[in-house]
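Me: I would like a close look at the interior of this protein, taking one buried part and following it outward to the spaces around it. Please give it as one connected account.

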Amino acid sequence: MQNTPLRPAPDHPTLRIDDLRWYCPADLIPAETTESVEPIEGIIGQDRALKALKLGVELYSPGYNVFVCGLSGTGKATTIKTILEKIQPQKPMTRDFCYVHNFEDNDHPTLLSFERGMGCRFKKDMAEAMRMVQERAPGVFEEEEYLKTKQTYIDEYNRKEAELFEEFERQIAPDGFVLGRVQEGQSLHPEILVKLKDKAVLISDLGNAVMQELISKEEADQLVEKYREHKTTLQEVYRRGVRLSREYQQKINDHERQAGEFLVTAIFAEMVSEYEDEKVSAYLKQVVESILDNLEQFKSSDDEDSGLPTEYEVNLVLDNSSTSVFPVIIETAPTFRNIFGTIERRQDANGFWYTDFTMIKPGSLLRADGGFLVINAADALTEPGVWKNLQRVLLYRKLEIQSLEMLMQQSSTALKPESIDVNVKVILIGNNEIYGLLNAYERDFKKIFKVKADFDYEMPNTPLAVQQYTALIRKLISDEDLKHFDKHAIAGVVEYGARLVSSRRKVTTQFSEIADIVREADYWCRQNSNKYVTTEHVDKAIEETYNRHSLGEEKLQELIDNEVILIDVLGERIGQINGLAVYGGERFAFGKPTRITAAVSAGKSGIINIEREAKLSGRTHDKGMLILSGYFREQFAQLRPLSLTASVSFEQSYSGVDGDSASSTEIYALLSALSDIPIRQSIAVTGSVNQKGDIQPIGGVNEKIEGFFEVCERRGLTGNQGVIIPRQNVDDLMLRTPIVNAVRDGHFRIWAISTIAEGVELLMGVTAGVRGEDGRYPADTVFGRVERRLEALYEAAKKERDETEG
């Protein structure tokens, strides 16, 4: 079999120069420099997101909050702020909110709602009214008429009290008693005394009188008996005296209230008539009643007593007096306190904690009432208590201000302010991963975020897009006082936008990346003292951007240069091929070749994935290996089953392998090992494959080509080196200029293929082969060689089985 002459492979054309990179035509630039270009106003390339956002903003119904998805740098925050400012949706007027003392229940502060600007006015009016009460009340109680009437009540009370006790004293005098007053503690109280000669003694002192023979024991016993009778009467007289005291105290209080009521009612009359809201009117009436019930604290005119009592203060938690449009609050630190507000606590002189309604503080959710609150989804989900409470507020549209400690039951404060009916639309900024998780696992998420605004990271590369890029550059120049760009520099920026999305048909909408390049190009222009930014400055900015992030790539390249990592770019070898891998992050990824080898022997283990056996293989790579097995069954096991043991390995790979972009490469290595036909080491390969042998597109095609090119360039370009890529990836090519020049000069090649057969012929220089009418491949083709090797392996396995069974 091995001596059969092989049929040479047909030629396969390389890609044209125009296929390797898209160059922005200069005639698409609307001006020679940005000096004559109008800055863009508005959002670029986000029509879908803008429609969704506009719907969410203007449809003011329950649940129509907006979840904004997209990559960072696509202008989400800027877009949201701009669109909200421009749309001016028909929304409820903003309101003012105040918390005031609840005179019926101290632990439940009362909420008052006002039209915009009236809350601040109410607070000032209330403070002014209380100031007038404090200033004028003392004068009312110092007026001659008031004092005269009060003294009349006092005199009348004293007279009646004296008459009451004088009458009692007359009743007890015949029995030898007099009425006196005895001090007990800090107070005096009436007591019946025994009159002995010229002295009055307590009934308890009669024993001493008997011993002194001032009175006989029989007389003492009679006095005690009479004392007990009169004591009962005294108690009744005393009760009548207390009732009399209360009666006249009430008359004095009524007199004070009548005098104060005229003043207080007059002071608050204007407020009561001006604030017609039923709840506000009820509160003002309670204030008036409270003042009249506590007039004693307003009688003094001393400065030290002139402070406004806390229960009459007004806590203006939301003041929209200076707001002319609906509020747009972008909360950059969405902690529980910042969003929902809190109830502060203070320590008194004894170290005890206390709180009241004046310590209720609002959060951004309340400040956004009647408008919009923009929050980062990841921050909201990671901050303690924020997400669950936000869900609750959006579901029931009620905000209950509490401290996080109270919510977590770590505080004993009993203060529970009245809840606030909020009219706020929340715009949550996140990514599709967060949106998917919330949508799948949060039951109420769909009810409260009915609108998804998805910001795309790319847009079609059209003449309009080029003009928009030009206007965007002009806006940056105006906003940041940068130097103007000439048309070739603009073209360079647009090309960079296409490179960022690895497509000649698209350009990026991650304008933060574009803005960075514009700024850095301006920097290099100023360094060279040039008048305009040119393509050299743009190229320099792009080059320096890559250089700042290329340390890892350089270290890996050093290992290849020093042959620590083994890579061949010359010669041929059986069962060995150069695959291509991408390293690094999404923003600054780079590609490098990796050696893939295959070994084949007789056996029944099938194709062994060494990476999987070593637990270094990801799920996608495992799937690719299973597809590889399916391909071999499709191509070579139609007449008899596969019977072989083969292993495939990514050599010198110790950190794990994932992805299926090397599945075609692994097939080539196996075909080479089975056919005993060597593979050209000057060619690297990338491409996914299906079970039918069709090549499928992969990611990172530019980085992969550039990575192999750098290795070849360092070892010397021969003109035979190159890369095979899937044909579907041709539109993704935005290769760097040095590679394009090398291809133009014939020093490097790039092929695009659609099937495994094309790749086999390029790599081995032998016709792949087509199955004949007899179902077999010609013997002088690669597939024919493979088929006959598999037959030999099958026969060897069958012979071994027969011998074992025999």
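Reply: Contact here means that heavy atoms lie within 4.5 Å of each other. The model is a predicted one, and the values below are computed from it.

With that meaning of contact, a good place to begin is Leu671, which, once its neighbours within four places in sequence are left aside, is in contact with Phe632, Phe636, Ile756, Val760, Met764, Phe783 and Val786. Leu671 belongs to the largest nonpolar core, a set of 43 residues, and is one of those that touch the most other members, together with Phe632, Tyr668, Ile756, Val760, Leu763 and Phe783. As a general matter, nonpolar side chains in soluble globular proteins tend to be buried together.

The elements that each supply at least two residues of this core are strand S22 (590–601), helix H22 (619–636), strand S24 (645–650), helix H23 (663–675), strand S26 (683–685), strand S30 (749–753), helix H26 (756–764) and helix H27 (782–805). Of these, H23 gives the most, with 7 residues. Apart from this core lies another, of 39 residues, which includes Phe97, Ile375, Ala377 and Tyr435.

Helix H26 deserves a separate word, since it is mostly covered, with 8 of its 9 residues buried. The buried residues of H26 are Ile756, Glu758, Gly759, Val760, Glu761, Leu762, Leu763 and Met764, and among them Ile756, Val760 and Met764 are contacts of Leu671. Just after H26, Gly765 takes a positive phi of about 70°.

From the packed residues one can turn to the enclosed spaces, where a search of the whole structure finds 3 cavities of 30 Å³ or more. The second largest cavity, with a volume of about 100 Å³, is lined by 13 residues, of which Phe636, Ala637, Gln638, Arg640 and Glu787 are the closest to its centre. Phe636 also appears among the contacts of Leu671, which ties this cavity lining to the part examined here. H22 and H27 each supply at least two residues of the lining, and H27 gives the most, with 3 residues. By class, the lining of the second largest cavity divides into 6 nonpolar, 3 polar and 4 charged residues.

The largest cavity holds about 120 Å³ of space, and its lining includes Tyr60, Pro62, Tyr64, Val393, Leu394, Arg397, Val422 and Lys425. That lining has 7 nonpolar, 3 polar and 2 charged residues.

The open spaces can be considered last, and here the largest pocket contains about 1000 Å³ of space. It is lined by 37 residues, with Ile542, Glu543, Tyr546, Arg736 and Pro738 lying nearest its centre. Helix H17 (487–500), helix H19 (535–548), helix H20 (551–561), S22, helix H24 (701–715) and helix H25 (737–744) each supply at least two residues of the lining of the largest pocket, and S22 also supplies at least two residues of the largest nonpolar core. The pocket lining is made up of 14 nonpolar, 9 polar and 14 charged residues.

How values were computed
Residues are numbered from 1 along each chain as its sequence is written. This is a predicted model: local features need pLDDT of at least 70, side-chain atom pairs count only at pLDDT 80 or more; totals for chains, interfaces and linings use all residues. Side-chain values use heavy atoms; hydrogens and water are left out. A nonpolar core is a set of buried Ala, Val, Leu, Ile, Met, Phe, Trp, Tyr and Cys residues joined through side-chain atoms within 4.5 Å. Buried means under 20% relative accessible area, exposed over 50%, partly exposed in between (1.4 Å probe, protein chains only). Helices (H or I, at least four residues) and strands (E, at least two) are DSSP runs, numbered from the N terminus. On a 1 Å grid over the protein atoms alone, a cavity is a set of points where a 1.4 Å probe fits but cannot get out, and a pocket is an open set with protein on both sides within 12 Å along at least five of seven lines; lining residues have an atom within 4 Å of a point. Grid points are joined across faces, edges and corners, and a volume is the space filled by probe spheres set on the points. Ala, Val, Leu, Ile, Met, Phe, Trp, Tyr, Cys and Pro count as nonpolar, Asp, Glu, Lys and Arg as charged, and the others, Gly among them, as polar.
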